[in-house]
Amino acid sequence: MPRSPAPLPVVPPEEGQRFRRRLHAWYRRHARDLPWRRTRDPYRILVSELMLQQTQVSRVLDFYHRFLARFPDLSSLAAARPQRVREAWAGLGYYARARNLHALARQVTAADGAIPDTPEALQALPGVGAYTAGAVASFAYERRAALVDTNVARVLHRVFAPEVAPKSGRGLKALWAIAEQLLPRTGRASWTHNQALMELGALVCTARAPKCGACPVRQGCRSVDAVPGRPRGPGDEPRATPPRAGVRSRRRSGSPPA
DNA sequence: AAACCGGGGCA
DNA sequence: TGCCCAGGTTT
């Protein structure tokens with residue numbers, strides 16, 4: 001029997017629209033002013049995204065400014081010696097990212113010098129995976145591209161798909177499918193939508209102690225709805241235990257609820 | 001699909 | 001010490 005492919009989750013269009021609206025209204029009021037949100041320069045977006053891989057925003061800020069002062073554009077980076085690039089990265093950690101960025105700069109410079117604008121082409125570059133490819137397409141070129149990073153994965157998991165295992169291959173595929181269904185119609189709107197999704201995960205729908213009381217999309221969140229008996233008012237205290245999306249009573253299959 | 005990789009901060 | 005962070009690459 002050929003194993004039937006697990007059906008990907010479907011988000012009803014109306015539900016998606018309501019989600020987008022509330023998310024956007026929240027973002028307009030709470031978005032942080034981050035330097036890479038003030039530019040569409042593909043090079044600068046690329047630098048920010050590589051620095052931000054597995055690294056918190058607060059720790060990237062200083063490095064970002066210093067790096068760009070040292071290497072203002074792609075060609076200056078491509079022309080630099082590896083040693084200089086490594087120095088500019090010193091302290092940030094994950095130094096393979098610096099090598100990847102440098103290799104990328106040289107590779108693109110050796111070609112036509114243009115950073116690609118589609119996720120497919122971007123993903124062929126060193127150090128650029130599915131997330132970063134979507135991020136550059138969306139944030140630099142304002143293309144209508146989906147992206148799923150750890151923040152987005154957590155938000156979508158909790159709100160729309162608590163039943164999937166978010167770290168598994170299938171779970172991630174499901175979350176990407178949801179992310180694509182949620183995309184607004186235009187690339188311009190997608191830029192804001194994607195930023196907002198990530199911002200919500202970073203500021204409200206956090207890994208530990210999520211601020212559900214301050215969440216613009218808690219109504220309709222399948223993880224919050226799954227936790228009864230907790231009337232949470234605005235600005236509520238961090239929960240001792242996160243919603244643990246998808247834990248409808250963590251029962252090993254077989255032991256029925258008492 | 002799962003394993004592995006790799007820095008640093010903070011509870 | 002363990003978990004988390006705007007993941008990617010390799011097996």
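1. In this predicted model, a sugar or linking oxygen of DNA strand C is 2.6 Å from an N or O atom in the side chain of Asp149. That pair is a polar contact, meaning two N or O atoms within 3.5 Å; within protein, one must be able to donate a hydrogen and the other to accept it, and residues adjacent in sequence count only if both atoms are side-chain atoms. Local features need pLDDT of at least 70 and side-chain atom pairs count only at pLDDT 80 or more, while totals for chains, interfaces and linings use all residues, and side-chain values use heavy atoms, with hydrogens and water left out. Residues are numbered from 1 along each chain as its sequence is written, and chains are lettered from A and ligands numbered from 1 in the order in which they are written.

2. Two further contacts reach the phosphates of DNA strand C: a polar backbone atom of Thr150 is 3.1 Å from a phosphate oxygen, and a polar side-chain atom of Arg154 lies 2.7 Å from a phosphate oxygen. Of the atoms of strand C within 4 Å of the protein, 70% belong to sugar or phosphate and the rest to bases.

3. Around DNA strand C there are 24 residues, of which Trp36, Gln54, Gly127, Thr132 and Asp149 come nearest; a residue is near a strand or molecule if one of its heavy atoms lies within 4 Å of it. Helices H2 (42-52), H8 (130-139), H9 (150-160) and H11 (187-203) each supply at least two residues of this surface, helices being DSSP runs of H or I with at least four residues and strands runs of E with at least two, numbered from the N terminus. The surface near strand C has 9 nonpolar, 10 polar and 5 charged residues, where Ala, Val, Leu, Ile, Met, Phe, Trp, Tyr, Cys and Pro count as nonpolar, Asp, Glu, Lys and Arg as charged, and the others, Gly among them, as polar.

4. DNA strand B is surrounded by Gln54, Arg59, Gly91, Gly93, Tyr94, Tyr95, Gly169, Arg170 and Arg208. Its bases are approached by a backbone N or O atom of Gln54, which lies 3.1 Å from a base nitrogen, and by a polar side-chain atom of Tyr94, which lies 2.4 Å from a base oxygen. A polar side-chain atom of Tyr95, by contrast, lies 3.4 Å from a phosphate oxygen of strand B. Of the atoms of strand B within 4 Å of the protein, 50% belong to sugar or phosphate and the rest to bases.

5. Asp149 and Thr150 appear again at the largest pocket, which is lined by 29 residues, with Leu52, Thr55, Asp149, Thr150 and Asn151 nearest its centre. H11 gives the most to this lining, with 5 residues, and the lining divides by class into 11 nonpolar, 11 polar and 7 charged residues.

6. Tyr131 is found in helix H8, and at 16% relative accessibility this residue counts as buried, a class that means under 20% relative accessible area, with exposed over 50% and partly exposed in between (1.4 Å probe, protein chains only). Tyr131 and Asp149 are 18 residues apart in sequence and 5.9 Å apart in space, C-alpha to C-alpha.

7. As to the chain overall, chain A has 12 helices and 0 strands, and of its 258 residues 47% count as buried.

Terms used
On a 1 Å grid over the protein atoms alone, a cavity is a set of points where a 1.4 Å probe fits but cannot get out, and a pocket is an open set with protein on both sides within 12 Å along at least five of seven lines; lining residues have an atom within 4 Å of a point.
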